[in-house]
Amino acid sequence: MYFTINDLLCFDDFKNLRLIAGANGTQNKVSGCGILDYELESTLKGKYLHSNFLPDQLVLTSLFFAKNNPFLIGDSIKYLISRGSSGLIIKNVFNLPIHNSVIRYANAKDFPIFLMDNMCAYFEDFIIQIDHCIQATASYDAAEEQLNRLLYERLDIPEKKSMIRQLFPTIRDQYAVVSIQSEDLISDSLLQKLTSQSKDLLPQDMSHRIFRFGKGVILLLSQDVLVLDECYSAIQELKPFLIHAAVGISEIHYTLERINYALQQAIHAAAIHHLEQNSGIIEKKPFLHYHEIGVYRILLPMLDHESIHLYSNNILEPLIEFDAENRGSLTQSLIDLVRFDGNLHLLAQYSGQHENTLRNRFDKVKLLTGLNYRNPAQYVELSLAVQIYLLEQNNM
């Protein structure tokens with residue numbers, strides 16, 4: 001992952017900067033910090049330009065090189081842009097004029113230029129903060145990699161225990177995992193904000209850690225006797241920070257070697273919560289517990305098996321082909337029926353169609369698939385096919 005100039009603007013030292021150009025470039029990545037001091041001095045004849053300044057560096061300068069020739073400021077901006085720099089912070093100690101042509105050029109190139117209005121600020125403060133962000137990003141990325149290993153690799157029990165204790169040193173006898181998944185990537189500054197908020201929202205006697213994971217976060221919760229009810233209000237408070245957040249909560253676990261199952265349960269519950277939120281007809285729940293996702297507990301781990309795909313495809317393909325050829329909606333009607341647990345009366349209320357009209361549609365489904373929704377065993381087959389289809393359509 002990475003952080004941006006916008007992320008840095010949340011910190012106190014950066015709040016005192018004044019943006020004078022390149023407002024559209026504040027989402028530029030920052031991979032480090034550079035100082036532009038003597039490199040453009042004419043007497044050096046560009047001796048150090050070939051080795052200084054790397055892509056995505058945020059550059060600091062006092063404009064020392066331009067004290068006798070302010071026109072060099074424009075040259076420096078063009079040079080930094082050519083090197084892929086993120087932006088420029090100027091401490092204008094010599095009160096040099098910055099020509100409008102420089103501002104226009106930076107705006108055209110989406111290259112942010114900031115002025116330090118506080119002359120008592122030091123470059124060192126900015127360098128240290130950027131370095132902290134780099135270290136934190138490396139730490140976040142390493143933690144996400146560890147979570148992926150716990151989730152997907154075959155690890156022996158001692159290795160699992162060692163890894164989870166590195167990630168969560170204060171983990172206790174009982175723990176659970178909460179997966180909060182968003183529709184956008186989580187920046188470092190947002191992750192820091194969520195971490196800070198969780199400290200204030202969760203009970204004092206509850207250990208917790210937040211990690212970035214995919215397009216969202218993983219929240220690990222632990223107590224001597226874990227009471228999940230005490231976490232629900234905190235989870236509700238954290239959700240608005242993420243875009244269209246879907247939340248899944250694992251069962252409570254009692255041994256560290258079960259950590260991969262706890263992670264999987266939370267992620268699967270969040271996936272189904274996302275699916276239900278997008279259905280348009282299911283009552284919106286603030287989150288889903290793993291035990292609430294029903295048959296999806298079996299289907300999700302098996303979704304990569306070709307036999308699962310073939311099972312669903314063999315049942316639904318005749319409906320899908322019929323709809324394509326006749327501009328029909330039999331497939332969607334069957335999906336809606338399954339979402340209402342086979343309750344034709346509720347489906348009629350939702351769709352505004354008479355029950356007899358719906359029965360005629362499902363008689364057509366029976367004719368095409370050979371499965372009768374009125375027959376309990378055959379309805380289970382239709383339902384399974386639809387649930388697999390929905391998972392595949394949502395790339396789960």
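Which helices do the buried residues of H13 pack against? This tour of a predicted model ends with them, after a stop in strand S9.

Number residues from 1 along each chain as its sequence is written. In this predicted model, local features need pLDDT of at least 70 and side-chain atom pairs count only at pLDDT 80 or more, while totals for chains, interfaces and linings use all residues; side-chain values use heavy atoms, with hydrogens and water left out.

**Colour by confidence.** pLDDT is the predictor's confidence in each residue, from 0 to 100. The protein chain has a mean of 89, and 94% of its residues reach 70 or more. Select strand S1 (residues 3-4) for the lowest confidence, a mean of 79, then strand S6 (residues 87-90) for the highest, 97. Helices (H or I, at least four residues) and strands (E, at least two) are DSSP runs, numbered from the N terminus.

**Select Ser 207.** This residue is in strand S9 (residues 207-212). Ser 207 is buried, at a relative accessible area of 9%; buried means under 20%, exposed over 50% and partly exposed in between, with a 1.4 Å probe and protein chains only. Show its side chain: a polar atom there lies 3.3 Å from the backbone oxygen of Thr 170. There is also a polar contact, at 3.1 Å, with the side chain of Arg 172. Such a contact is a pair of N or O atoms within 3.5 Å; within protein, one must be able to donate a hydrogen and the other to accept it, and residues adjacent in sequence count only if both atoms are side-chain atoms. Leaving aside residues up to four places away in sequence, Ser 207 also touches others, including Phe 168, Leu 220 and Ser 222, where contact means heavy atoms within 4.5 Å.

**Select helix H13 (residues 344-351).** Its buried residues are Leu 344, Leu 347 and Ala 348. Look down the axis: they fall within an arc of 100 degrees, so they line one face of the helix. The arc is taken from the directions from the helix axis to the C-beta atoms. At the N-terminal end, Asn 343 is the cap, with a side-chain oxygen 3.0 Å from the backbone nitrogen of His 345. Just after the helix, Gly 352 has a positive phi of about 75 degrees.

**Add the neighbours of H13.** To return to the opening question, the buried residues of H13 pack against helix H12 (330-339) and helix H14 (355-369).
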